[in-house]
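Visitor: I should like to take a close look at a single part of this structure and to see how that part fits into the whole. Would you kindly guide me through it?

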Amino acid sequence: MNTKITWREIPQARLAMWALIAGEFAIFGGLIVMYTLNRLKYESWGEMAQHTNVIAGTINTLVLLTSSFFVVKAHEAALHKNKEKVKMWIWLTLICALLFLGIKSYEYYHEILHGFTLPGTQLLAEGKHVETMYWSFYYTMTGLHGLHVIGGALALFFVMRHATKTEKDYHRIEVAGLYWHMVDIVWIFLFPLIYLIH
Amino acid sequence: MNTNQPEGLAHEIAVPKKEDYHGHPNYLIIYISLLILFAITVFASLIPNPLVVFIIVFVISIVKGSMVLLYFMHLKWEPVLIWILLGLALMTLLFLTLGLYPDIVSVKPYLVTKP
């Protein structure tokens, strides 16, 4: 059951978070649009995409989708001020965040080891300037996304700790959760574009 | 006291309406749907034509992203102001695309290889 509210009744924190999310969509959307236009232009980007670890990307997508489900369950528990369930769901989300970052770090390690770096020194030396651009986009998009994962996880941790300790401000779980879902949506677009289209 | 009670949680503390004005879809069904769409995305990537793969995975990504927005983020129940905010972000993207498109398509690969 739900009740329609007017724009004047939107809780301030939620409105502020939606404004932030709109800005984030413009930032990541811009990167995705530029990546897509270049990807359609340069066929060699498809060859570069073959060097990404599809299995790791697939696992990370599953991890983030699952974490989104955990966050929405935490929000449901927060509505009922169920401290134990809030803790459980948020900790599960944080484990997913750590798992995501761990897998992404593993990917970065192997890509750098093979000479695919942000400045692309090795590729530039081989005269592959267009290919270097692929890795610049790759590290910018996934790196920026990774920073948002860290930010979202920290926000969830602190609002969970505050809410469960003081038994108030449970609404902040939902607000931080909105941010987490935004991080998930960005990855939903990044994963197929970067990993799957060769 | 006015309350909204998601099914199965009636035994827990009642929720004031102002804190819970949106609906509570079955989150598990949404999650499973997202997993199914994700599996379709992965299998679609096995199609040998990159353009076909691009179109399929992009459409599925839009559907998945919309499901998260509408049901996990409860956008479906938000007032029109929130939709306008997101619409503005999309319009910014549209202008960005229109502005950048000529630059990206007109750059010759040799200009990139010989800066």
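Guide: Helix α7 of chain A covers residues 171–196, 26 residues in total. From its first C-alpha to its last, α7(A) reaches 38 Å, close to the 38 Å expected at 1.5 Å a residue. Please bear in mind that this is a predicted model. The course of the helix includes a bend of about 30 degrees at A:Leu190. A proline, A:Pro192, follows that residue within four residues.

Is this helix enclosed or not? Of the 26 residues of α7(A), 23 are buried, so the helix is largely enclosed by the rest of the structure. For comparison with the chain as a whole, buried residues make up 41% of the 198 residues in chain A.

The nonpolar core comes next. The largest such core holds 69 residues, and its largest share, 18 residues, comes from α7(A). Among the members that touch the most other members are two with numbers that fall within the range 171–196 of α7(A), namely A:Ile173 and A:Val186; A:Ala74, A:Ala78 and A:Val86 belong to that group as well. In chain A, α1 (12–41), α2 (44–49), α3, α4, α6 (129–166) and α7 each supply at least two residues of this core, and so do α1 and α2 of chain B.

A:Ile173 shows these contacts in detail. Leaving aside residues up to four places away in sequence, A:Ile173 touches A:Ala74, A:His75 and A:Ala78. Its contacts also include A:Val86, A:Val159, A:Met160 and A:Ala163. On the wider scale of chain A, residues 24 or more positions apart account for 75% of the contacts with a separation of 6 or more.

The surroundings of the helix may now be described. Chain A has 7 helices and 0 strands, and its C-alpha atoms fill a box of roughly 60 × 35 × 25 Å along the principal axes. The loop between α3 (54–79) and α4 (83–113) of chain A contains A:Lys81. A:Lys81 has 17 other C-beta atoms within 10 Å and is therefore partly exposed. Between the C-alpha atoms of A:Lys81 and A:Arg8, which are 73 residues apart along the chain, the separation is 25 Å.

Chain B, which shares in the core through its α1 and α2, has 4 helices and 0 strands. Of its 115 residues, 17% count as buried. Within chain B, residues 24 or more positions apart account for 37% of the contacts with a separation of 6 or more.

Where the two chains meet, 52 residues of chain B are in contact with 48 residues of chain A. On the side of chain B that touches chain A, α1 (27–44), α2 (50–72), α3 (80–106) and α4 (109–113) of chain B each supply at least two residues. The most comes from α3(B), with 15 residues. The residues of this side divide into 36 nonpolar, 11 polar and 5 charged.

Finally, a word on confidence. Chain A has a mean pLDDT of 91, and 98% of its residues reach 70 or more. Within chain A, confidence is highest in α4(A), at 96, and lowest in helix α5 (residues 121–125), at a mean of 81.

How values were computed. Residues numbered from 1 in each chain as written. Chains lettered and ligands numbered in written order. Predicted model: local features only at pLDDT ≥ 70, side-chain atom pairs only at ≥ 80, totals over all residues. Contact = placed C-beta atoms within 7 Å. Nonpolar A, V, L, I, M, F, W, Y, C, P; charged D, E, K, R; others polar. Buried ≥ 20, exposed ≤ 12 C-beta atoms within 10 Å, placed from the backbone. Expected span 1.5 Å × (residues − 1). Bend = angle between axes of the 7 residues up to and from the residue. pLDDT = per-residue confidence, 0-100. Core = buried A, V, L, I, M, F, W, Y, C linked by C-beta atoms within 7 Å.
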